[in-house]
Amino acid sequence: MIFQQSFETGTLPADWKTANIVPIFKKRDRTDRANYCPVSLTSVLCKIMESIIKERLTKFLDSHQLLCKEQHGFSRGRSCVTNLLETLENWTKALDEGFGLDIVYFDYRKAPGRVRHRRLIEKLKSFGINGKLLRRWRVSLHQDQ
């Protein structure tokens with residue numbers, strides 16, 4: 001009932017928006033703060049609702065074939081490993097056929113915490129995704145300016 005009310009009103013209970021930030025050790029010296037990654041621990045109910053939204057969103061994107069075949073992240077049966085394998089296969093094929101190969105790497109270490117929310121909302125809208133929760137999110141972004 002809480003989930004349905006949230007979907008209908010486009011709002012979330014305030015407690016669901018609160019997160020406990022916990023430092024997770026990455027590597028090397030434990031006394032160096034740079035070797036810890038902050039992780040947000042949110043409400044279990046919020047996580048359940050997120051998984052429901054993700055499942056519905058994934059089904060919608062799949063059924064309308066809105067993601068290209070090169071999309072590996074957040075796609076069922078695809079991962080960083082499948083992305084690397086396909087990339088290696090493409091490089092090997094190009095070299096076998098006598099083509100030259102230039103490779104450029106980007107460091108996206110800090111990318112997960114840097115989502116451009118307005119751009120994401122516009123992308124979802126262009127896919128035909130537009131409901132109360134999305135509209136509410138868009139309004140709250142404008143209020144945060």
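## Asparagine 35 and its surroundings

In this predicted model, the side chain of asparagine 35 makes a polar contact with the backbone oxygen of lysine 27 at 3.4 Å. A polar contact is a pair of N or O atoms within 3.5 Å; within protein, one must be able to donate a hydrogen and the other to accept it, and residues adjacent in sequence count only if both atoms are side-chain atoms. Asparagine 35 belongs to the loop that runs between strand S1 (20–25) and strand S2 (36–41). Strands (E, at least two residues) and helices (H or I, at least four) are DSSP runs, numbered from the N terminus.

Asparagine 35 has a relative accessible area of 9% and is therefore buried. Buried means under 20% relative accessible area, exposed over 50%, and partly exposed in between (1.4 Å probe, protein chains only). Apart from neighbours within four places in sequence, asparagine 35 is in contact (heavy atoms within 4.5 Å) with Ile24, Phe25, Lys26, Lys27, Arg28 and Asp29.

## Basis of the values

Residues are numbered from 1 along each chain as its sequence is written, and side-chain values use heavy atoms, with hydrogens and water left out. Because the model is predicted, local features need pLDDT of at least 70 and side-chain atom pairs count only at pLDDT 80 or more, whereas totals for chains, interfaces and linings use all residues.

## Helix H2

Helix H2 comprises residues 44–63. For its 20 residues, a rise of 1.5 Å a residue gives an expected span of 28 Å, and the 29 Å between the end C-alpha atoms agrees with this. The expected span is 1.5 Å times one less than the number of residues.

At the N-terminal end, serine 43 caps H2, with a side-chain oxygen 3.2 Å from the backbone nitrogen of leucine 45. After H2 comes glutamine 65, which has a positive phi near 45°. The buried residues of the helix are Cys46, Met49, Thr58 and Leu61.

## Salt bridges

Three salt bridges are counted, each defined as a side-chain nitrogen of Lys or Arg within 4 Å of a carboxyl oxygen of Asp or Glu. Side chains of opposite charge can pair when their charged atoms come close. One salt bridge joins lysine 59 to glutamate 55, with 3.5 Å between the closest N and O atoms. These two residues are four apart in H2, so about one helical turn separates them. Lysine 59 is exposed at 52%, whereas glutamate 55 is partly exposed at 45%.

Glutamate 70 pairs with lysine 69 in a salt bridge whose closest N and O atoms are 3.1 Å apart. Glutamate 70 is partly exposed at 48%, and lysine 69 is exposed at 63%. Arginine 78 and glutamate 86 form a salt bridge at 3.3 Å between the closest N and O atoms. Both counts as partly exposed: arginine 78 has 27% relative accessibility and glutamate 86 has 32%.

## Cysteines

A search of the whole structure for disulfides (a pair of cysteine sulfur atoms within 2.5 Å) finds zero. Cysteine 68 is partly exposed, at 47% relative accessible area, and cysteine 80 is exposed, at 64%.

## Confidence

The chain has a mean pLDDT of 83, and 87% of its residues reach 70 or more; pLDDT is the predictor's confidence in each residue, from 0 to 100. Among the elements of the chain, helix H3 (residues 80–96) has the highest mean pLDDT, 93, and helix H5 (residues 132–143) the lowest, 61. Where pLDDT is low, the predicted coordinates should not be read in detail.
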